[in-house]
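Me: Could you take one part of this model and walk me through it slowly? I am in my first year, so plain words would help.

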Amino acid sequence: MTAWASFLAGAALGVGGIGAALVLADVPSPLRAPFALFFLLAAPAAGLAALLVRLDPLSRAVVAVVGAAALDLLVAQTMLAAEVWSARGGTAAVAVLSTLLLAVAALRPARGRNPGQGA
């Protein structure tokens with residue numbers, strides 16, 4: 001990973017984390033909506049992209065972003081159907097699902113390598 005890619009990944013993590021924190025703490029700020037929207041798309045997309053290792057980078061990005069939007073809509077629809085919708089609850093649910101996706105990707109064994117060989 002190049003220095004710029006690492007920098008951009010860190011900046012994205014910061015912006016998403018601030019957006020989630022602003023929503024969960026119910027802080028009125030003009031940055032709340034754009035940062036929260038970035039979190040709601042970037043967090044599940046990162047989890048899905050980590051699971052889609054066999055796709056080429058462009059396909060992985062497109063499928064991850066579309067999947068993130070679908071996951072957000074599924075959370076919203078489920079909460080609305082159960083009549084428990086809130087912005088804080090929706091953000092927390094997306095955060096939990098994104099964490100689970102990343103955990104599954106981290107715990108999954110690497111493919112294409114023999115376990116007896118080094119990296």
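Which residues are exposed on the other side of α1, away from its buried ones?

Reply: Happy to help! Please keep in mind that this is a predicted model. The residues you ask about are Ala3, Phe7 and Leu13, which are exposed on the other side of α1.

Let's start with the helix itself. Helix α1 runs over residues 3–24. With 22 residues at 1.5 Å a residue, α1 should span 32 Å, and its end C-alpha atoms are 31 Å apart, so the two values agree.

Now look for the buried side. The buried residues of α1 are Gly16, Gly19, Ala20, Leu22 and Val23. They cover an arc of only 160° around the axis, and therefore they sit on the same side of α1. What do these buried residues pack against? Their partners are α2 and α4.

Turn the helix around and you come back to your exposed residues, Ala3, Phe7 and Leu13. Phe7 is a good one to pause on. This residue lies in α1, and its relative accessibility is 53%. The cut-off for exposed is over 50%, so Phe7 counts as exposed. Phe7 also belongs to a nonpolar patch on the surface, together with Trp4 and Leu8. The accessible area of these three residues together is about 410 Å².

Finally, follow the chain just past the end of α1, where you meet Asp26. Asp26 is in the loop that leads from α1 to α2, the helix of residues 32–51. Its phi is positive, about 55°, although Asp26 is not a glycine. Why is that worth a second look? Most residues other than glycine have a negative phi.

Asp26 is also one half of a salt bridge, and its partner is Arg32. The closest N and O atoms of the pair are 3.1 Å apart, which is within the 4 Å that a salt bridge requires. A search of the whole structure finds 1 salt bridge. Is Asp26 buried, partly exposed or exposed? With a relative accessibility of 45%, Asp26 counts as partly exposed.

If you would like a residue to compare with Asp26, try Glu83. Glu83 lies in the loop between α3 (57–81) and α4 (87–107). Glu83 is not a glycine either, yet its phi is positive, near 60°. At 72% relative accessibility, Glu83 counts as exposed.

To put α1 together: Gly16, Gly19, Ala20, Leu22 and Val23 are buried, Ala3, Phe7 and Leu13 are exposed on the other side, and Asp26 follows just after the helix with its positive phi.

Terms used:
Residues are numbered from 1 along each chain as its sequence is written. This is a predicted model: local features need pLDDT of at least 70, side-chain atom pairs count only at pLDDT 80 or more; totals for chains, interfaces and linings use all residues. Side-chain values use heavy atoms; hydrogens and water are left out. Helices (H or I, at least four residues) and strands (E, at least two) are DSSP runs, numbered from the N terminus. Buried means under 20% relative accessible area, exposed over 50%, partly exposed in between (1.4 Å probe, protein chains only). A salt bridge is a side-chain nitrogen of Lys or Arg within 4 Å of a carboxyl oxygen of Asp or Glu. The expected span of a helix is 1.5 Å times one less than its number of residues. The arc is that of the directions from the helix axis to the C-beta atoms. Contact means heavy atoms within 4.5 Å. Patches are made of residues with over 30% relative accessible area and no salt bridge: like charges are joined within 9 Å, nonpolar side chains (Val, Leu, Ile, Met, Phe, Trp, Tyr) within 5 Å. Accessible areas come from the Shrake-Rupley method with a 1.4 Å probe; for residues, only the protein chains shown count as cover.
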